[in-house]
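Trainee: I'd like to learn how to read a structure like this one. Could you take me through it feature by feature?

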Amino acid sequence: MKNTGIFIVSLVGGMIVGSALAMLFTPQSGPELRRHIKDFIDEEADRVKEKAEEIHGKIKSEIDQARCKCETNQY
């Protein structure tokens, strides 16, 4: 299980480094490249925030369900 986590982190890290290198070696002007990188980072940050909010909602729902079960089982 530990190796799977390391593999996934390595894969994602490699994808990010590869994307950055591809952007740096494309024939674009400096300001255009910086804007492109900023847009890419903003999109990825938004995607991560959405996923975190989704996970937060699921966890909160599970906690609320468990809390209700505990309250109904009290004598």
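Trainee: Let's start at the surface. Which residues gather in the patch of negative charge?

Mentor: Keep in mind that this is a predicted model. The idea of a charged patch is that like charges are joined when they sit within 9 Å, provided the residues have over 30% relative accessible area and no salt bridge. Here the negative patch is made by Glu-43, Asp-46, Glu-50 and Glu-53.

Trainee: Take Asp-46 from that group. Where does Asp-46 lie, and is it exposed or buried?

Mentor: Asp-46 is part of helix H2, which covers residues 30-72. Its relative accessibility is 42%, so it counts as partly exposed; that label covers the range between under 20% for buried and over 50% for exposed.

Trainee: Now the whole chain. How many helices and strands does the chain have?

Mentor: The count is two helices and zero strands. The radius of gyration is 21 Å, whereas the globule rule gives 11 Å for 75 residues, so the chain is more spread out than a compact globule. You can see that in the box filled by the C-alpha atoms, roughly 70 × 30 × 10 Å along the principal axes.

Trainee: What share of the residues is buried?

Mentor: Of the 75 residues in the chain, 3% are buried. The area the chain exposes is about 6,900 Å², with 65% of it supplied by carbon and sulfur atoms.

Trainee: And charge overall? How many positive and negative side chains are there?

Mentor: There are 11 positive and 12 negative ones, and the centres of these two sets are 4 Å apart.

Trainee: How many salt bridges does a search of the whole structure find?

Mentor: Seven turn up. The general test is a side-chain nitrogen of Lys or Arg within 4 Å of a carboxyl oxygen of Asp or Glu. Lys-38 and Asp-42 pass it, at 2.8 Å from N to O.

Trainee: How far apart are Lys-38 and Asp-42 in helix H2?

Mentor: They are four residues apart, so about one helical turn separates them. Asp-42 is partly exposed, at 32% relative accessible area.

Trainee: Which residue does Arg-47 meet in a salt bridge?

Mentor: Arg-47 pairs with Glu-44, with 2.9 Å between N and O. These two are three residues apart in helix H2, again about one helical turn. Both partners are partly exposed: Arg-47 has a relative accessible area of 49%, and Glu-44 has 28%.

Trainee: What about Arg-67 and Asp-64? What is the N to O distance in their salt bridge?

Mentor: That one is 3.8 Å. Arg-67 and Asp-64 are also in helix H2, three residues apart, or about one turn of the helix. Arg-67 counts as partly exposed at 46% relative accessibility, and Asp-64 does too at 29%. Salt bridges can also share partners, and that is how Lys-51, Glu-54 and Lys-58 are joined into one network.

Trainee: Back to patches. Which residues make the nonpolar surface patch?

Mentor: For nonpolar side chains the joining distance is within 5 Å. The patch here is about 600 Å², and its members are Phe-7, Ile-8, Leu-11, Val-12, Met-15 and Ile-16. Met-15 is in helix H1, residues 2-24. With a relative accessible area of 52%, Met-15 is exposed, since the cut-off for that label is over 50%.

Trainee: One last pair. What separation do the C-alpha atoms of Ala-66 and Asp-39 have?

Mentor: They are separated by 41 Å, with their positions 27 residues apart along the chain if you count from one to the other. Ala-66 is found in helix H2, and it counts as partly exposed at 38% relative accessibility.

Note on methods: Residues are numbered from 1 along each chain as its sequence is written. This is a predicted model: local features need pLDDT of at least 70, side-chain atom pairs count only at pLDDT 80 or more; totals for chains, interfaces and linings use all residues. Side-chain values use heavy atoms; hydrogens and water are left out. Accessible areas come from the Shrake-Rupley method with a 1.4 Å probe; for residues, only the protein chains shown count as cover. Lys and Arg count as positive and Asp and Glu as negative; His and the chain ends are not counted. The place of a charge is taken as NZ of Lys, CZ of Arg, CG of Asp or CD of Glu. Buried means under 20% relative accessible area, exposed over 50%, partly exposed in between (1.4 Å probe, protein chains only). The radius of gyration is taken over C-alpha atoms; the globule rule is 2.2 Å times the number of residues to the power 0.38.
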